[in-house]
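Dear colleague,

I am handing over the structure we spoke about, placed just below so that you can have it open while you read. My notes on what was found in it follow.

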Amino acid sequence: MYQCPPQDEQAYWLIFSQDKLVQLGDRPGLIHGSWLELQFVSAYQDEVLLVGQLGQHNCYLIDLGLEQPAHERAELVSLREAMMREGEQAFGIMARAWQLALFYRTHRFCGQCGSAMHKVDWELATHCNRCQHRCYPRISPCIIVAIRDGNKILLARGSRHKEGMYSTLAGFVESGESLEQAVHREVMEEVGVRVSNLRYFGSQPWPFPHSLMVGFLADYDSGDIQVDGEEIQDAQWFNFDALPLIPPPFSIAGRLIQASADNCK
Ligand SMILES: [Zn+2]
């Protein structure tokens, strides 16, 4: 999986330090250029990982782990911010790169016998030579659902949302549960209502830290909104022509809200 990039290839470089993305102060946005211009990461030459393409250019991952970048113009920016700013295609590449970086960082030792793990060179995995335990990057399914009642949609403000932002409901699928069961349970737990007519909508990777958002459209069935005031601080029915601040249109939450609005026309 690792490869030394051609010296003069023009490429994008996703360099992580701690949980931040490295950018060079005088050139905002993803780092673009050749390996020769990246002297400050030359020690990582054998740990460069190809993670995809953006336009005509390859994208390489270099993970500094907990080290700081030794570059006077290096700035550390929040991955969340960078993903929102760079748009849909770069969003996918950054999501993948961060999940792989995190996977290798957190699977250095075997969870079964404690020995050092080795990177498998032909697939994305780590392997323990002592007990043969093998690990793959973890993906955690998470349902996200838009609930519509006529010309209204139920949106909630979570404790982790930015001020004033309302979004669709979401939650992790528990062990032994189907996606549909997770939707019904989460909706009941978070806002106390019943839904019906679930339709699969689409999915989106969300790397905080390794979720796969599985989107559904649903119709309101019965019950009054009740929130716990902790995880969910407020939930309301909003008319489609008077929506609050909502997530951007390329996020799956934004697309679910748009699709619900289109359905009631
Ligand atoms: Zn082991």
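In this predicted model, Cys 142 stands opposite Met 213 in strand S14, and this pair belongs to the parallel pairing of S10 with S14 (residues 211-222), which is made by nine bridges. Strand S10 itself covers residues 140-149 and is mostly covered, with eight of its 10 residues buried. Besides S14, strand S10 pairs with strand S12 (residues 169-172), to which it runs antiparallel over four bridges, and there Ile 143 has Gly 171 as its bridge partner. A further antiparallel pairing, of three bridges, links S10 to strand S11 (residues 152-158), where Arg 148 is partnered by Ile 153. S10 and S11 form a hairpin with two residues between the strands, and in it Gly 150 adopts a positive phi near 60°.

A second group of strands is centred here on S2 (residues 20-24), which is largely enclosed by the rest of the structure because four of its five residues are buried. Strand S1 (residues 11-17) is joined to S2 by two bridges in the antiparallel sense, with Phe 16 standing opposite Leu 21. The hairpin that S1 and S2 make also has two residues between the strands, and the residue with a positive phi, near 55°, is Gln 18. On strand S6 (residues 74-78), S2 finds another antiparallel partner, the two being joined by five bridges, and Leu 24 stands opposite Ala 74 in that pairing.

The zinc ion deserves a paragraph of its own. Its protein donors are the SG atoms of Cys 110, Cys 113, Cys 128 and Cys 131, which lie 2.3 to 2.4 Å from the ion, and they follow the spacing C-x2-C-x14-C-x2-C along the chain. The site is tetrahedral, with angles of 100 to 115° among the four donor atoms. Which of these cysteines are buried, and which are partly exposed? Cys 110 has a relative accessible area of 5% and is therefore buried, and Cys 128, at 0% relative accessibility, is buried as well. Cys 113, by contrast, counts as partly exposed because its relative accessibility is 27%, and Cys 131 counts as partly exposed at 26%. The cut-off behind this reading is that a residue is called buried under 20% relative accessible area and exposed over 50%, with partly exposed in between. A search of the whole structure for disulfides finds zero.

As for the overall arrangement, the protein is divided into domain 1 (11-106) and domain 2 (140-263), and the contact between them takes 10 residues from domain 1 and 10 residues from domain 2. The C-alpha centres of the two domains lie 31 Å apart. The protein holds four helices and 15 strands, and its C-alpha trace spans about 60 × 50 × 30 Å along the principal axes. Of its 265 residues, 48% count as buried. Among contacts between residues at least 6 apart in sequence, 62% join residues that are at least 24 apart.

With best regards

Technical notes: Residues numbered from 1 in each chain as written. Predicted model: local features only at pLDDT ≥ 70, side-chain atom pairs only at ≥ 80, totals over all residues. Heavy atoms only, no water. Donors = N, O, S within 2.8 Å, 3.2 Å for Na, K, Ca; no water. Tetrahedral: all angles 85-135°; square planar, octahedral: opposite > 155°, others 65-115°. Buried < 20%, exposed > 50% of the residue type's maximum accessible area, 1.4 Å probe, protein only. Pairing = 2+ DSSP bridges. Disulfide = S-S within 2.5 Å. Domains from an automatic or database assignment. Contact = heavy atoms within 4.5 Å.
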